[in-house]
Amino acid sequence: MTAINAVTDLSLDGEVAVLTLNSPPVNALSLTVREGLFEGFKQALASSARAILLICDGPTFIAGADISNLADMLKDPSIEDIQKLMDGADRPVVAAIHGTALGGGLEIALCANFRVAVPSAKLGLPEVNLGLLPGAGGTQRLPRALGPQKALEMITSGKPMRAPEALALGLVDELAAEDALRADALTFARKVLAEARPLVRLRNREDKVAAFRGKPELFEAFRASTAKNFRGQLAPGWIVECVEAAVEKPFEDGLALEKQRFFQAAMSPQSAARRYYFFAERNAQKVPGAPAETAARKIARVGVIGAGAMGGGIAMNFANIGVPVTIIEMKPEALAHGLSVIRGNYERSRGARPEETEKRMSLLQGSLDMADLKDCDLVIEAVFENLEVKKQVFGKLDQACKPGAVLASNTSFLNLNEIAAATGRPQDVIGLHFFSPAQVMPLLEIVRGDKTSPETLATAIELGKRIRKTTVISRVGPGFIANRVASPRLAEINSFLLEGLPPARVDKVLYEFGFPMGPFAMLDLVGLDVIADPPGQETIRSRMVAAGRRGQKGGGGFYDYDAQRNPQPSPAADSIIEDFRAAAGAAIKEVSDEEILERSLYLEVNEGAKVLEEGIAIRASDIDVAMINGYGWPVDHGGPMYYADQIGLDKVVAKLKEFELKYGPQYRPAPRLERLAAEGQKFTAKP
Ligand code: 3H9
């Protein structure tokens, strides 16, 4: 075995040169890795070996370019330099894939003549998630392997494909045994030599693309069908353009176009925001001072208290991953109703197969007796949002649950420390704040009480991963992170109405910024009656509710709705707004779209600064992760804190001061924001 460099080895196994890469954690294509691969291929080609096998050590094949340092990709050797060696090889090159072959990793594997993978391996081009497109030939080679339609779907969705499907589609040539990749790939390489198989080079393959040449319909239809989904995003359009070039143009021309578009994408603020978010999401799992190796407790059985919409949705998360759940209710009718709602949710879900529904339902067991929680490793309380009620429940849980069980509350507002104090084991108590609908929304806020132990916290973090939620850790404080940061913006919409701004105009401004919907459409969706106003205060929303307008679920809200739930302008809502405004004697104001946007977003930035100052969030990027996953904040802008950094905190403070004078003290800049602005600092680290 010869060490090529610190991360690459070359050895000879009979007639096959084996190039092994080992650069933890994910074999990303850093300069050192590229140097190792380039030099390794050169030496292998100069050797007497008759075939070359590329394989990785550690948990995965190459997971792509090193996105922590994309600028480093400009240094030689480039991925393309390595690919040229592979393409020009006079003997078979085989890639042996386990874990994930993603982005530049798959693009290298696509240059091999053959690919062998273990069944659990995944192959994908996920660049689009980072606001990028494949930049090392992926848009040119994948259509030549799979045809343009499948390539379009795979590259624009960024979703990886499992090895068995890749085998069926011809992207992988053979599956290896899960625990014998190297041996099976060597056998495969020898078979290729023995059979003198012709060397497949995707760059020269025409059969899958030729049939579509001169037929733009496929691409036009794809653009039309995905326009809404990819609204505002740059990369998907460029991907379609490049795949079309793969069909229409010679390989080298397509490659040149891809390279140009890749650099445009890499330089775009959108991609910078998405790469920032990639690391923000991972950092959100890290707790300063808590050792990463803190052992999580095993969670094999879960209890949920309350079979309402929230409790039912929470239970579904566990049934979906095969964990049995005991659901506790007080009355048999409530239990039966809750279980039937869950069944309905499963039956309505896309692609639901009856046997899957039955399998999941069989994991849900209803009970009216808390004593049935005795074997649960975790119990999540999702009862009425009232401190006394929750304290009582936790007192009972303390009696019913086994020692070491994690006792969690789904409270969205209440003081978790007080809830924990109702038990004799506050170290085992934690908040698991799901967002509604809990089986759909990606965010899970993990609320760490003053006495929550590191093991309980580690258990919750691991659990979040298992149920595929994006987790953010919060300290105890009203509204925790996401609801708290969103609240001033939502409160301000009453002012917008009093200033004479039509709901549709406000909604349009926020929709065009990238939110899935504006605040009025959102209120109509969640229900105008679910948010409590401060005692004694009447708002336009409460007037709407009093007039029977509760939103989409009944009577319409700020909009009327047709049978397909499309919003329509509502004369009835407009007249409630106008009456309220006239009675309040509020004057109509001229407000520009830019100001609507700044007022909405800067209120969130300002509240985020307070959440940081109070230590509720560990870091600014956690707030961004919470807002993106809990409130649909557009990831192309990176979240409110990152967005403010890009605008410049001094500019944000100046605007807030202007708004404070014009509109009131709700805009007063938070001390942390003013301080950072004065010091010329940012909330978030450079991506
Ligand atoms: C590309 O390839 C462009 C090319 O087309 C063209 C170039 C010219 N770089 O997620 P995990 C770190 S674009 C640097 O927790 P998992 C990650 O931050 C790239 N670092 O593990 C974490 O660090 P830490 C296309 C990376 O098992 C650690 O690795 N590729 C990269 O849940 C473990 O990660 C992608 O978009 C990277 N590329 O999931 C793939 N990837 O421990 C992005 C990971 O310090 N990666 N890290 O927090 C992934 O999807 C997942 O990380 C993966 C592993 C599925 C690989």
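Visitor: Which atom of Gly 104 lies 2.8 Å from an oxygen atom of the ligand?
Guide: A backbone N or O atom. This is a predicted model, where local features need pLDDT of at least 70 and side-chain atom pairs count only at pLDDT 80 or more, while totals for chains, interfaces and linings use all residues. Residues are numbered from 1 along each chain as its sequence is written, and side-chain values use heavy atoms, with hydrogens and water left out.

Visitor: What about Lys 286 and the ligand?
Guide: A polar side-chain atom of Lys 286 is 2.7 Å from a ligand oxygen atom. The protein covers 70% of the 1,000 Å² of accessible area that the ligand has on its own (Shrake-Rupley method, 1.4 Å probe).

Visitor: How many residues surround the ligand?
Guide: 26, and the closest include Ala 65 and Arg 282. A residue counts if one of its heavy atoms lies within 4 Å of the ligand.

Visitor: Which helix gives the most to that shell?
Guide: α12, with three residues. Helices are DSSP runs of H or I with at least four residues, strands are runs of E with at least two, and both are numbered from the N terminus.

Visitor: New topic. What is the strand order in the open sheet?
Guide: The order is β6-β8-β9, with mixed pairing. Strands pair if DSSP finds at least two bridges between them.

Visitor: Why is one side of β6 left without a neighbour in the sheet?
Guide: β6 stands at an edge with a single partner strand, so one side has no neighbour there; β9 (161-162) is placed likewise.

Visitor: And how many bridges join β6 to β8?
Guide: Three, and the two strands run parallel. Leu 102 has Gly 124 of β8 as its bridge partner.

Conventions: Polar contact = N/O pair within 3.5 Å; in protein donor to acceptor, adjacent residues only side chain to side chain.
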